[in-house]
Amino acid sequence: MAKIAETLVALGIKDWTLTGEPTTEAEFKKSFKKVTGEDSNGSAILSDDESKFGVTWSEIKEKKTELETAEKNMSDKDKGKQKLKDLGLSDDEITALIGG
């Protein structure tokens, strides 16, 4: 099952923080913060202004469903390869580990 954080990455949303795993729009709005810059100490400036999010809850739900459907259709080998990619391994490293 796709996580909201994975979904945000798949949507190309950058510079954000997320607390927990929201399941509703209200939970998402409470737990998602957009990084809008940094202060003089180099700490992130976080915003809960929805106009700065770059994504809506409906877009997240739609993409999450798409990712989950694609995952269900993958073979076990393909799922394993994807998990290794998610861990940061390159295609060459994965091939060296498990073969073609």
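How many aromatic pairs does the count come to? In this predicted model, the count comes to five aromatic pairs. A pair of aromatic rings is described by the distance of the centres and the angle of the planes. Phe28 and Trp57 form one such pair, with 5.5 Å from centre to centre. Their planes stand 35 degrees apart, and the pair is tilted. Phe28 belongs to helix H2 (residues 25-31), while Trp57 belongs to helix H3. The two residues are 29 residues apart, and the pair links distant parts of the chain. Phe28 has a relative accessible area of 1% and is therefore buried. Trp57 has a relative accessibility of 11%, so this residue also counts as buried, the cut-off being under 20%.

Phe32 and Phe53 make an aromatic pair of the edge-to-face kind. The ring centres are 4.6 Å apart, and the planes meet at 75 degrees. Phe32 sits in strand E2 (residues 32-38), whereas Phe53 sits in the loop between strand E3 (44-47) and H3, so the pair ties together parts that are 21 residues apart in sequence. Both Phe32 and Phe53 are buried. Ring pairs extend to a cluster made of Trp16, Phe28, Phe32, Phe53 and Trp57. Thus the tilted pair of Phe28 and Trp57 and the edge-to-face pair of Phe32 and Phe53 both have their residues in this cluster.

Charged side chains were examined next. Side chains of opposite charge can pair when their charged atoms come close. The count comes to five salt bridges. In one of these, the side chains of Glu50 and Lys29 meet at 3.3 Å, N to O. This pair, too, links distant parts of the chain. Glu50 is in the loop between E3 and H3, Lys29 is in helix H2, and their positions lie 21 residues apart in the numbering. Glu50 has a relative accessible area of 44%, which means that Glu50 is partly exposed. Lys29, at 31% relative accessibility, counts as partly exposed.

Helix H3 carries salt bridges within its own length. The side chains of Lys63 and Glu66 meet at 3.0 Å, N to O. Lys63 and Glu66 are separated by about one helical turn, because they are three residues apart in helix H3. What is the relative accessible area of Lys63? The value is 19%, so Lys63 is buried. Buried means under 20%. Glu66, by contrast, is partly exposed, with a relative accessible area of 44%. Lys64 forms a salt bridge with Glu68, and the closest N and O atoms are 2.6 Å apart. Both residues lie in helix H3, four residues apart, about one turn of the helix. Lys64 has a relative accessibility of 9% and therefore counts as buried. Salt bridges that share partners also join Glu25, Lys29 and Glu50 into one network.

Other acidic residues form a surface patch. Glu6, Glu21, Glu71 and Asp86 make up this negative patch. Glu71 is found in helix H3 (residues 57-72). Its relative accessible area is 32%, so Glu71 is partly exposed. The patch takes in residues with over 30% relative accessible area and no salt bridge.

The loop between helix H1 (4-10) and strand E1 (16-18) holds Ile13. Asp15 lies in this loop between H1 and E1 as well. Is Ile13 buried or exposed? At 11% relative accessibility, Ile13 counts as buried. Asp15 has a relative accessibility of 53% and so counts as exposed. Ile13 and Val55 are 42 residues apart in sequence, yet their C-alpha atoms are 7.5 Å apart in space. Most residues other than glycine have a negative phi, and most peptide bonds are trans. Asp15 has a positive phi, near 60 degrees.

Met1 is placed in the segment before H1. At 74% relative accessibility, Met1 counts as exposed. Met1 and Thr65 are 64 residues apart along the chain. Their C-alpha atoms are separated by 9.1 Å.

Note on methods. Residues numbered from 1 in each chain as written. Predicted model: local features only at pLDDT ≥ 70, side-chain atom pairs only at ≥ 80, totals over all residues. Heavy atoms only, no water. Patch = residues over 30% accessible without salt bridge, like charges linked within 9 Å, V, L, I, M, F, W, Y side chains within 5 Å. Areas by Shrake-Rupley, 256 points an atom, 1.4 Å probe, with all protein chains shown as cover. Salt bridge = Lys/Arg side-chain N within 4 Å of Asp/Glu carboxyl O. Lys, Arg positive; Asp, Glu negative; His and termini not counted. Charge placed at Lys NZ, Arg CZ, Asp CG, Glu CD. Buried < 20%, exposed > 50% of the residue type's maximum accessible area, 1.4 Å probe, protein only. Phe/Tyr/Trp six-rings, centres within 6.5 Å; stacked < 30°, edge-to-face > 60°.
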